[in-house]
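Trainee: I've got a model open and I'd like to talk it through with you. Can we put it on screen and take it piece by piece?

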Amino acid sequence: MFGCLVAGRLVQTAAQQVAEDKFVFDLPDYENINHVVVFMLGTIPFPEGMGGSVYFSYPDSNGMPVWQLLGFVTNGKPSAIFKISGLKSGEGSQHPFGAMNIVRTPTVAQIGISVESLDSMAQQTPVGNAAVSSVDSFTQFTQKMLDNFYNFASSFAVSQAQMTPSPSEMFIPANVVLKWYENFQRRLAQNPLFWKT
C-alpha cells in the first residue's frame, strides 16, 4: 500500500504492519538522512474519507521513541516529501503508535503511517519544519544576501547632521538603498530568474 524512499537508498515497499491500520518503515543510519519521501504504491487506494497520517520516530537519549507528525498522504495527494534532518531533537507529539509493541533497535528511526479519517487528520498539526520549502535554494540564498546587505548598509546610516564632510568619499542616501532593496525583492518574487535577462 505504501512506499518509502531515502536518497541514495533502495525504495522500501514492504512496510511492517503493526496493527490493522498502522504501518512502519525502519530507517537505519537515520542521522545521515535529510529528506524522506512517503508515497502510495497505487495498488490499494484509501477507503472513501480516509487518509494516512505520516509520523517520524527517532530514539531519544534513553532509547525511547519520540514520535512527531510530519504530514499526510491521501488519494488526492498520494506522495509527500518531508525534511527530517531538523527533527532529530525536540518534543514528541501525540501519536497513535504509543500502545504498539513495535520491535525496534535504538539506532534505527521509523516512519509510521496511521490510516485515519480525513476529518481527524484535518484537526492535526504537523511539526512546522518538516515541510520541504517550495522556494529553491538559489532564491533563499538571494533573499538572505539581500537582507544581509541591507542590514549591513543600514548599520552605517547617520543623519545629515552627524555627517562629517569628506571630499574623497561618496555617500549614498539610505532611502536609495532601501528603494533598490524593495525593487529587487519585488522582481525576485515575480521571477526568480529575472537577473538572467
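Trainee: Let's start broad: what percentage of the residues in the protein are buried?

Mentor: Keep in mind that this is a predicted model. A residue goes in the buried bin when its relative accessible area is under 20%. Out of 197 residues in the protein, the buried share is 30%.

Trainee: And in what order do the helices and strands come along the chain?

Mentor: The protein has eight strands and three helices. Reading from the N terminus, the order is β-β-β-β-β-β-β-β-α-α-α.

Trainee: What share of the contacts with a separation of 6 or more is between residues 24 or more positions apart?

Mentor: A contact here is a pair with heavy atoms within 4.5 Å. Take the contacts in the protein with a separation of 6 or more, and the part from residues 24 or more positions apart is 72%.

Trainee: Okay, on to the largest nonpolar core. Which strand gives the most residues to it?

Mentor: That core has 26 residues, and Phe-2, Leu-27, Val-54, Phe-56, Leu-70, Ile-84 and Ile-111 touch the most other members. Elements giving two or more residues include strand 1 (2–5), strand 5 (50–59), strand 6 (65–73) and strand 8 (108–117). The top contributor, with four residues, is strand 8.

Trainee: Phe-2 caught my eye. Which residues does Phe-2 touch, leaving out those up to four places away in sequence?

Mentor: Phe-2 is among the core members that touch the most others. With those sequence neighbours set aside, Phe-2 contacts Gln-12, Thr-13, Phe-23, Phe-25, Phe-39, Met-40, Leu-41, Phe-46, Val-73, Ile-113 and Val-115.

Trainee: How many residues are in the second, separate core?

Mentor: Look around Tyr-55, Trp-67, Leu-69 and Met-121, which are among its members. The size of this second core is six residues.

Trainee: Now the salt bridges. Which residue is the partner of Asp-29?

Mentor: Two salt bridges turn up by the rule used. Asp-29 sits in the loop between strand 3 and strand 4, and its partner is 20 residues away, in the loop between strand 1 and strand 2 (16–19). The N to O distance is 3.9 Å, and the partner is Arg-9.

Trainee: What's unusual about the backbone of Asp-29, and what is its phi?

Mentor: Most residues other than glycine have a negative phi. Asp-29 goes the other way, with a positive value though it isn't glycine. Its phi is near 55 degrees.

Trainee: Then the other bridge, Lys-22 with Asp-21: which of the two is buried, and which is partly exposed?

Mentor: The two side chains meet at 3.1 Å, N to O. Asp-21 has 29% relative accessibility, so it counts as partly exposed. At 8%, the buried one is Lys-22.

Trainee: Last stop, the largest pocket. Which helix supplies the largest share of its lining?

Mentor: This pocket has a volume of about 460 Å³. It has 14 lining residues, and Phe-156, Phe-171, Ile-172, Pro-173 and Ala-174 are the closest to its centre. Helix 2 (137–154) and helix 3 (174–190) each bring at least two residues to the lining. The largest share, four residues, is from helix 2.

Trainee: And how many residues in that lining are nonpolar?

Mentor: Go through the lining by class: charged residues are absent, and one residue is polar. That leaves the nonpolar class, and the count there is 13.

Technical notes:
Residues are numbered from 1 along each chain as its sequence is written. This is a predicted model: local features need pLDDT of at least 70, side-chain atom pairs count only at pLDDT 80 or more; totals for chains, interfaces and linings use all residues. Side-chain values use heavy atoms; hydrogens and water are left out. A nonpolar core is a set of buried Ala, Val, Leu, Ile, Met, Phe, Trp, Tyr and Cys residues joined through side-chain atoms within 4.5 Å. Buried means under 20% relative accessible area, exposed over 50%, partly exposed in between (1.4 Å probe, protein chains only). On a 1 Å grid over the protein atoms alone, a cavity is a set of points where a 1.4 Å probe fits but cannot get out, and a pocket is an open set with protein on both sides within 12 Å along at least five of seven lines; lining residues have an atom within 4 Å of a point. Grid points are joined across faces, edges and corners, and a volume is the space filled by probe spheres set on the points. Ala, Val, Leu, Ile, Met, Phe, Trp, Tyr, Cys and Pro count as nonpolar, Asp, Glu, Lys and Arg as charged, and the others, Gly among them, as polar. A salt bridge is a side-chain nitrogen of Lys or Arg within 4 Å of a carboxyl oxygen of Asp or Glu.
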